[in-house]
Structures are given as structure tokens and as C-alpha cells.
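Here are a few notes to help you find your way around this one. Have a look at the model first, then read on.

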Amino acid sequence: MTKEVSLEIDLGHLHLKNPIMPASGTFDVRCTLLNENELNRLGAVVVKSIAFKEREGNSEPRTCETDCGLLNAVGVPSKGVEYFIKEELPLLKKANNIIIVSLLGNSVEDFCNLAEYLNKIEEISALEINLSCPNLNNGIPFGVNEDKLYELIFNIKKNTSKPIIAKLSPNVSDIKKMALSVQSAGAEIVTIANTFMGMAIDIDKQLPRLGNNIGGLSGPAIRPIVVRMIWEIAQVIDIPIIGVGGVCCAEDAIEMFLVGASAVQVGSANFSNPYMMLEIITGIKRYLKEQKHNSIQDIIGLIKD
């Protein structure tokens, strides 16, 4: 009998059946094509960033396809935390036993109030802090400043007992400094990376293609940059890394494991193939068998200096 390989992984205190999950903003439990059994095959579910109160997103158009990528300026609309608890959380409880909630805020106080509010909900496994959405106010208030990063994570930790996942912005000159800053502030896990700031122009209309002018680039075009960033921060931090950016198949995810990621999120690829995450799980198992490994943990961080 062929021995089954193990995809189980620990992210701090979180124990996942496998390391594959959706990226925030690319998965909606209310309208996914995956059934309950398929959702339960994922390592975790990650919800779109929520704010304390309802907020509108950016003006349209909000998305624009580019070569090997997708430019978006959705602006993180949210129906607020009460809507989330009433309408989405009951569905998420049926979907998976690991629920990661992404938080959005415009101030330290915003984040802390939301983290404290959600701390009482037992079914929420961890909080992913959206530090880097490039579509808010045409800037990145926390993601590019080492001191602000530390202050934010440190204060959120004082308001919740749930594990904190710091989702870093890639739009910085030295990602290692940012990773070290959130680790020293108490983050248990790091997600790298959010989208890269970009812009596209309609040359016939002589106007930006996005209503917000600038947006965040995702998709295969950014994957080599994210792989480099995972490799760099894996050399300097001791907490687990979740890789995200342009993963479209099992081989893409395996690249990230080899340079140090302990888990991988799938983003834009979910829009073209909602079953991509399940196919990646199957593909990783096949790779491990072919390479004669017993566990996903055997290949994490194999490529170092």
C-alpha cells in the first residue's frame, strides 16, 4: 500500500490539514461554487477585509486586465462587522474549522476596536491585518513605515488573544525590516505579499483605466518578486510565512514552500478557476510522492543562501 503523504502544517498555534487557502478578497462564502465538502478540504478560509462600519469602495472601473496580471482598485468595500457576523460567519462555520478574518482600518484605534470586538467570537481562528492595500487614500498608511507597523501590531495585540497575521506591503525598499518589525511587535505569522502598486492608461481616451487612477497588480507577473521576498525574510525571521502572489498551479505554490513559506494563499487564479485550490492540493501531494518526501514540511525552506 502506498503511504499517504502529509500536508499538515502548524502556523504558530494554528494546525491546518493542508497549507492551501484563498487570499483575502478573492473568496466569498456566499457565492462560491465550492460545496461544503470541497470547502472543508482547504487548509483554511480567509474572508475579504472587513471594517467596523459599512464603507463604500472606489469609483468604477475597478479592475483592468494587464499582461500576465490583474490591476484592481476595488477600494475594500465592506458591509461592516455586524453584517459579517450575521450573514457570513454562520456560512463560514460550515465551510471550514479554520476561519481567518482580514481586518481593515484607517487608524490604530479602528484596528484595535475591531480586533477587540471580534476577540469574543470563538469560531474565528486568527486575524490577518491588512497593512498594505494600495487603494486607500492613494497611499499606504501603515505598510511602508517601520515604526507605524510596530505601533499598530503592538496595540492590536493588547486588544485580542487571537493569533495575529501581519499581511505586509511589497511596496517597500527593504521587506526584511518590515518583517522584523511586525515580529518584534508580537505578530505570530507573516503574509507576504499584497498587490504591487501600478497604473494602466487607455491611450484612445487618454485616461487612466481605473476610476481610482492607480491600483494593485496581482497575478503571475508578480510571482517571481514575491518568491524573492519570501526567500529574503525567511532568512531573518522565526515566525511562519504565508506566501501569496500569482500562484496559478501546484508548481507555483511549491516554489514558495522551497524558499520558506509554510502556507500559500491563492488569489486572482480563483477568478478564472474556482477549483484551482483543490487542484493545487492534489498537485502538491503528487509532487511530494514523486520526490519521495513524506511531508510538506520536508521541503519548506530547502533553498537558503
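1. Keep in mind that this is a predicted model. A good place to begin is the packing around helix H4: the buried residues of H4 are covered by, among others, helix H3 (108-118), strand S8, strand S9 (164-167) and helix H5 (175-185).

2. As for H4 itself, this helix runs over residues 146-157, 12 residues in total. From first C-alpha to last, H4 reaches 17 Å, close to the 16 Å expected at 1.5 Å a residue.

3. Which residues of H4 are buried? They are Leu 149, Leu 152, Ile 153, Asn 155 and Ile 156. These buried residues sit on the same side of H4, because they cover an arc of only 165 degrees around the axis.

4. Now for the pockets. The largest pocket has a volume of about 610 Å³. It's lined by 32 residues, and Ser 24, Gly 25, Thr 26, Asn 72 and Thr 195 are the closest to its centre. S8 (126-130) turns up again here: S8 and strand S6 (69-72) each supply at least two lining residues. By class, the lining of the largest pocket has 18 polar, 10 nonpolar and 4 charged residues.

5. The second largest pocket comes in at about 520 Å³. Of its 26 lining residues, Thr 26, Phe 27, Asp 28, Val 29 and Cys 31 are the closest to the centre. Helix H2 (81-95) and helix H8 (269-272) each give two or more residues to this lining, and H2 gives the most, with 4. The classes here are 14 nonpolar, 7 polar and 5 charged.

How values were computed. Residues are numbered from 1 along each chain as its sequence is written. This is a predicted model: local features need pLDDT of at least 70, side-chain atom pairs count only at pLDDT 80 or more; totals for chains, interfaces and linings use all residues. Side-chain values use heavy atoms; hydrogens and water are left out. On a 1 Å grid over the protein atoms alone, a cavity is a set of points where a 1.4 Å probe fits but cannot get out, and a pocket is an open set with protein on both sides within 12 Å along at least five of seven lines; lining residues have an atom within 4 Å of a point. Grid points are joined across faces, edges and corners, and a volume is the space filled by probe spheres set on the points. Ala, Val, Leu, Ile, Met, Phe, Trp, Tyr, Cys and Pro count as nonpolar, Asp, Glu, Lys and Arg as charged, and the others, Gly among them, as polar. The expected span of a helix is 1.5 Å times one less than its number of residues. Buried means under 20% relative accessible area, exposed over 50%, partly exposed in between (1.4 Å probe, protein chains only). The arc is that of the directions from the helix axis to the C-beta atoms. Contact means heavy atoms within 4.5 Å.
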